[in-house]
4 protein chains.
Amino acid sequence: MLNFRTDMALERRDLYKKANNIEKEVNGIETEEETYGENINITRVKVTSKEGEDAIGKPIGNYITIDVKNLKVAREEDIQKASEVVTKELKELIQKHVDNSAPVLVVGLGNLYVTPDALGPKVVNEIDITRHLLTYMPEVLDKDTRPVSAVSPGVLGTTGIETQEILKGIVDNIKPGLIIVIDALASRSIERISSSIQLADTGIVPGAGVGNTRKELSVNTLGVPVIALGIPTVVEAATIAADSLTLFIQKVQEQAQSNKFLNELQEEDKYEMIKEVLTPNDYNFIVTPKEIDELIENMKDIVARGINYAVN
Amino acid sequence: MLNFRTDMALERRDLYKKANNIEKEVNGIETEEETYGENINITRVKVTSKEGEDAIGKPIGNYITIDVKNLKVAREEDIQKASEVVTKELKELIQKHVDNSAPVLVVGLGNLYVTPDALGPKVVNEIDITRHLLTYMPEVLDKDTRPVSAVSPGVLGTTGIETQEILKGIVDNIKPGLIIVIDALASRSIERISSSIQLADTGIVPGAGVGNTRKELSVNTLGVPVIALGIPTVVEAATIAADSLTLFIQKVQEQAQSNKFLNELQEEDKYEMIKEVLTPNDYNFIVTPKEIDELIENMKDIVARGINYAVN
Amino acid sequence: MLNFRTDMALERRDLYKKANNIEKEVNGIETEEETYGENINITRVKVTSKEGEDAIGKPIGNYITIDVKNLKVAREEDIQKASEVVTKELKELIQKHVDNSAPVLVVGLGNLYVTPDALGPKVVNEIDITRHLLTYMPEVLDKDTRPVSAVSPGVLGTTGIETQEILKGIVDNIKPGLIIVIDALASRSIERISSSIQLADTGIVPGAGVGNTRKELSVNTLGVPVIALGIPTVVEAATIAADSLTLFIQKVQEQAQSNKFLNELQEEDKYEMIKEVLTPNDYNFIVTPKEIDELIENMKDIVARGINYAVN
Amino acid sequence: MLNFRTDMALERRDLYKKANNIEKEVNGIETEEETYGENINITRVKVTSKEGEDAIGKPIGNYITIDVKNLKVAREEDIQKASEVVTKELKELIQKHVDNSAPVLVVGLGNLYVTPDALGPKVVNEIDITRHLLTYMPEVLDKDTRPVSAVSPGVLGTTGIETQEILKGIVDNIKPGLIIVIDALASRSIERISSSIQLADTGIVPGAGVGNTRKELSVNTLGVPVIALGIPTVVEAATIAADSLTLFIQKVQEQAQSNKFLNELQEEDKYEMIKEVLTPNDYNFIVTPKEIDELIENMKDIVARGINYAVN
């Protein structure tokens with residue numbers, strides 16, 4: 001399998017197509033695109049068979065990417081519109097798995113004190129919780145209100161406990177019908193940082209994107225369907241460099257300065273070579289944009305509103 | 001039973017003695033005091049029988065109050081000294097229940113976004129966690145390192161889940177030998193706000209102090225001993241007013257302006273009367289000192305260091 | 001002069017009327033009230049002469065109090081409505097002093113790290129700034145955009161510099177036509193905490209409400225008109241106790257348990273007596289409600305939006 | 001002049017030497033190195049003449065770089081040791097310009113709400129302020145205490161006012177003898193992010209490192225000597241890519257895959273070419289490491305302690 005260095009099904013499918021010179025669609029994968037206004041693109045990647053699964057290393061299921069342009073300078077109405085798109089896509093995905101009354105548990109992965117990793121806990125803080133009201137003050141709610149609860153389990157480094165262990169216990173006790181997990185992803189592209197949302201109904205392996213693989217959170221391990229809302233917030237320096245080099249050589253080739261060596265070089269995956277030269281220099285940091293605080297705040301509003309309207 | 005309006009065993013015992021004109025000690029209760037330097041007082045209240053239990057409404061067990069004076073202007077060395085006292089008392093209490101190798105789970109109750117309720121989550125963030133290292137990198141630790149883990153389960157209002165339900169599941173999965181719970185208490189006195197620590201080996205009823213009784217966290221409900229570290233962070237306005245009125249009438253009486261009515265009044269519990277006059281005016285707020293942010297920061301350092309040295 | 005123990009002109013006028021058994025209006029003072037919907041009351045107190053000035057200890061000028069009920073549970077639409085009232089009142093007050101093109105400097109007093117004192121810096125962070133854009137990118141703005149700038153000068157305790165000294169220098173350099181100062185006030189009543197806004201066109205003495213009088217910020221000291229937006233965020237424990245005692249005795253009197261001593265007591269100012277009994281016990285804290293974090297967040301939105309629409 | 005893309009005199013001198021194949025030292029520049037323990041390196045670059053000034057584009061004066069290794073995993077003792085080095089170097093630099101009693105104003109540039117730009121305001125919050133105590137409570141201080149004050153003037157984008165305009169006014173009013181400015185710099189290398197400190201006695205041009213040149217803060221513009229403490233906190237993506245490419249081609253050349261084209265390429269500045277290919281793709285972000293929050297916290301402790309001991 002290719003080393004994709006991205007958690008996003010969409011980016012993996014594009015890389016797979018390029019690496020294998022596929023013009024149309026990968027076997028076992030279906031894709032459709034949609035555009036909302038000027039700033040929002042949706043791409044729905046569906047892995048339909050084992051063949052698709054093997055191609056991009058993602059299990060059979062639905063992967064919806066919502067790209068929001070110019071989030072750094074987003075106004076209230078841009079945020080509202082993006083949240084409405086999240087609501088619509090999330091609602092459809094939920095309805096594929098449970099009915100409208102099934103209790104939902106929202107899980108915000110990540111560490112509040114690490115800015116690019118703080119999105120999950122911040123979203124949880126904004127979720128409209130109903131489960132306790134249905135128990136203690138049912139009279140304040142509509143009769144058909146869905147029970148919604150939410151937790152931020154923390155990260156292994158600060159709890160000493162695998163997230164899966166924490167969630168397993170909670171799920172056993174409160175028995176939700178569906179889990180929505182919010183997690184930070186790694187992406188190939190800096191421009192996707194805190195500007196894209198991937199919805200997937202196949203669960204999640206927390207930390208996969210940054211090389212700290214934790215135990216899977218999915219219907220297999222938790223016993224209930226898990227929808228993952230992944231937002232890229234970091235990118236590896238070597239990825240930036242490798243992608244830059246590809247663009248750079250391409251430009252050199254176009255300028256007719258091409259030569260045999262460069263042509264050969266361009267066919268290869270430069271990431272491993274770059275990583276090899278960066279690592280001895282302690283240079284292969286994982287980075288995030290300078291504006292990450294504001295990007296996270298805007299994304300938090302989009303995701304929290306998107307979920308609140310989808311589940312209520 | 002008296003309406004004590006305080007979670008602190010020490011304050012309850014004092015109120016009980018006063019209300020019943022007891023000169024020496026309450027039956028079923030033993031007390032000892034100790035002083036460390038100028039600024040630290042320790043009072044150990046031991047409830048030894050059913051009679052003591054009924055008197056102050058606290059189960060049989062140990063209740064240690066550490067009062068730290070002038071914490072608002074504490075220097076680094078004051079904080080260090082206070083944390084050493086916490087370590088010593090906590091260590092002794094732990095050793096009454098489990099041996100030195102028993103895994104410990106630290107639980108920080110409370111809401112990070114409500115300043116007077118943020119102590120628990122802030123302490124958890126400073127705890128030295130070893131449980132995951134013992135699993136994944138045992139070579140970096142001493143062989144006899146105690147497994148320590150820590151969680152901030154959130155509060156019912158933002159999770160929709162009873163803390164007991166969350167902890168039950170985690171305890172079942174990770175099987176600690178002992179739980180240390182950090183919680184905010186209500187006190188009778190503003191001067192104790194974020195300046196006192198009560199250690200108790202009888203567990204806790206979260207939120208009891210502020211009238212939101214949640215399900216008990218104790219050996220009875222969780223199956224392992226629970227040591228509670230309670231820190232008063234709020235006080236009821238009616239309590240301030242009632243205590244002020246008591247002091248006030250006392251002064252009036254001393255000044256020989258006494259009369260029959262005042263003498264009768266002083267015998268009664270003025271809290272309910274005050275509450276009655278305050279409540280229709282929406283006036284019975286729960287309050288905290290203006291300096292609560294700094295008091296919480298200093299207390300966080302004391303408690304986190306106190307625990308870290310006690311369990312490692 | 002009475003010891004009013006409040007910065008709010010409205011409360012002072014009420015106390016003065018009560019202390020002097022005035023049925024109608026105080027000489028030299030004019031008052032009008034207005035109500036917006038269920039939750040918002042406006043009281044406009046105008047000090048028109050030296051006589052009014054002497055009565056309530058506030059200089060000749062306009063004092064508008066906007067009381068917002070139930071801010072603790074405010075929804076987005078309540079916050080929006082309150083901000084519209086602030087805009088309307090503030091706009092009228094500004095127009096009494098400068099024209100629509102006069103440059104405005106917004107000053108947020110207070111300390112970001114002390115929750116009840118953080119409102120000023122938090123509001124400044126939300127102000128729509130135009131002054132630098134008019135200089136560096138005029139093409140992105142309408143031609144008649146008013147230059148707006150904003151600073152958080154910090155507090156004497158953390159800067160070592162009087163706020164007046166900092167502002168004097170800035171005003172000399174950037175020459176605004178009007179200054180809007182946001183400050184925390186002390187109030188008599190807990191229910192006003194972070195739920196009332198006083199607009200005054202007579203400037204401000206920072207910290208006056210909490211006994212740390214700093215140098216005046218007004219047209220006299222800064223050379224340009226100063227509109228103060230004061231929000232009560234703290235109350236003295238002795239004030240709570242004294243006000244409670246007044247309510248309490250009143251109730252006792254109503255219940256026909258009256259006697260000569262109580263009747264005499266009720267005529268007096270109990271604050272000084274209460275303070276005398278509280279002070280030796282280190283008990284006279286300045287307090288703020290437990291919910292201060294959320295109250296401040298909601299008030300920040302109201303004030304920031306209120307100012308942004310008033311000046312643009 | 002070379003496009004150095006770094007604010008650090010040390011990096012500029014290294015680049016200049018390389019670009020001009022200088023083996024020994026650049027004319028007009030003197031350099032000395034020192035090592036403290038395992039983790040701390042000091043390099044003192046002195047620009048002594050116009051020739052040195054022209055070479056590296058930095059005015060005549062002293063530039064001291066303190067590199068702290070492994071700050072991400074620093075323990076309390078590492079932080080303490082680093083702060084002692086800052087104190088020593090800063091003290092010597094101060095003594096070159098003013099005597100021990102000269103009032104010092106500490107200025108923290110940057111924006112508290114942008115994590116990689118928050119160092120200045122965070123340091124200011126930890127500075128031991130004496131100026132107001134010398135005025136209001138001189139009895140609590142030693143007679144020869146130096147007056148220390150501190151401000152965080154904010155950034156042009158949130159104040160609408162040039163930092164120089166704000167400081168000019170304050171300096172005119174409080175007349176310090178020396179100003180210490182803390183600012184975020186851009187560096188060439190990710191590994192220097194929040195791990196190096198450059199002391200310079202030639203002042204500063206805020207934002208120079210990230211392409212937002214603001215008005216100079218120096219003895220020329222403010223009338224008193226300005227010592228700048230600059231800490232790199234961001235790096236440009238194109239710089240990462242260009243530096244990676246240089247390392248990459250070097251490796252390719254070593255592996256005897258060299259060819260004429262690559263040899264020529266290696267002689268050139270690849271930054272502009274890289275930038276050209278990145279910019280149309282919106283790809284040339286300014287980035288910061290994922291761990292920036294913790295790096296900033298540790299650096300804040302080092303700098304604040306370093307300054308506090310140097311000026312008191």
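**Exercise 1. Determine whether D:Lys175 is buried or exposed, and describe its backbone and its place in chain D.**

*Solution.* D:Lys175 has a relative accessible area of 60%, and because exposed means over 50%, the residue counts as exposed. The model in which this value was computed is a predicted one. The next step is to locate the residue, and D:Lys175 is found in the loop between helix H7 (163-174) and strand S6 (178-186) of chain D. Its phi is near 45°, a positive value in a residue other than glycine. As background to that angle, most residues other than glycine have a negative phi.

**Exercise 2. Carry out the analysis of Exercise 1 for A:Ser194, and place the result in the setting of chain A.**

*Solution.* The backbone comes first here: phi of A:Ser194 is near 50°, a positive value in a residue that is not glycine. A:Ser194 lies in the loop between strand S6 (178-186) and strand S7 (196-200) of chain A. With a relative accessible area of 0%, A:Ser194 is buried, since buried means under 20%.

For the setting, chain A has twelve helices and nine strands, and buried residues make up 58% of its 312 residues. If the contacts in chain A with a separation of 6 or more are taken, 72% of them are accounted for by residues 24 or more positions apart. The area that chain A exposes is about 12700 Å², of which carbon and sulfur atoms supply 47%.

**Exercise 3. Describe the surroundings of B:Ala184 by element, accessibility and contacts.**

*Solution.* B:Ala184 belongs to strand S6 (residues 178-186) of chain B. Its relative accessible area is 23%, and B:Ala184 is therefore partly exposed. When residues up to four places away in sequence are not counted, B:Ala184 touches B:Pro116, B:Asp117, B:Ile231 and B:Thr233. A further distance concerns B:Ala82, which is 102 residues from B:Ala184 in sequence and 18 Å from it in space, C-alpha to C-alpha.

**Exercise 4. Work out which parts of chain B are tied together by the salt bridge of B:Glu126 and B:Lys300, and examine the pairing of B:Lys300 with B:Glu297.**

*Solution.* The structure holds 76 salt bridges over all chains. In one of them the side chains of B:Glu126 and B:Lys300 meet at 3.8 Å, N to O, a value that falls within the 4 Å cut-off. B:Glu126 lies in the loop between helix H4 (119-124) and helix H5 (131-136) of chain B, whereas B:Lys300 lies in helix H12 (residues 292-311), so the pair ties together parts that are 174 residues apart in sequence. The accessibilities are computed as 35% for B:Glu126, which is partly exposed, and 11% for B:Lys300, which is buried.

B:Lys300 also meets B:Glu297 in a salt bridge at 3.0 Å, N to O. These two residues are three apart in helix H12 of chain B, so about one helical turn separates them. B:Glu297, at 30% relative accessibility, is partly exposed.

**Exercise 5. Analyse the salt bridge of D:Glu92 and D:Lys88 within its helix.**

*Solution.* The side chains of D:Glu92 and D:Lys88 meet in a salt bridge of 3.5 Å, N to O. Both residues lie in helix H3 (residues 76-95) of chain D, four residues apart, which is about one turn of the helix. D:Glu92 is partly exposed at 39% relative accessibility, and D:Lys88 is partly exposed at 33%. In chain A, salt bridges that share partners join A:Glu32, A:Glu34, A:Arg44, A:Lys88, A:Glu89 and A:Glu92 into one network.

**Exercise 6. Characterise the interface of chain C and chain D by area, residues and polar pairs.**

*Solution.* The contact takes 28 residues from chain C and 28 residues from chain D. About 2300 Å² is buried between the two chains, and carbon and sulfur atoms give 54% of this area. Across the interface there are two salt bridges, including the one in which the side chains of D:Glu165 and C:Arg131 meet at 3.0 Å, N to O. Eight residue pairs are in polar contact across the interface, both residues being at pLDDT 80 or more.

The elements that give two or more residues to the side of chain C that touches chain D are helix H5 (131-136), strand S5 (148-151), helix H6 (156-159) and helix H7 (163-174) of chain C. Of these, H7(C) gives the most, with seven residues. By type, the residues on this side of chain C divide into 13 nonpolar, ten polar and five charged.

Notes
Residues numbered from 1 in each chain as written. Chains lettered and ligands numbered in written order. Predicted model: local features only at pLDDT ≥ 70, side-chain atom pairs only at ≥ 80, totals over all residues. Heavy atoms only, no water. Contact = heavy atoms within 4.5 Å. Buried area = accessible area lost by both parts, 1.4 Å probe. Polar contact = N/O pair within 3.5 Å; in protein donor to acceptor, adjacent residues only side chain to side chain. Nonpolar A, V, L, I, M, F, W, Y, C, P; charged D, E, K, R; others polar. Buried < 20%, exposed > 50% of the residue type's maximum accessible area, 1.4 Å probe, protein only. Areas by Shrake-Rupley, 256 points an atom, 1.4 Å probe, with all protein chains shown as cover.
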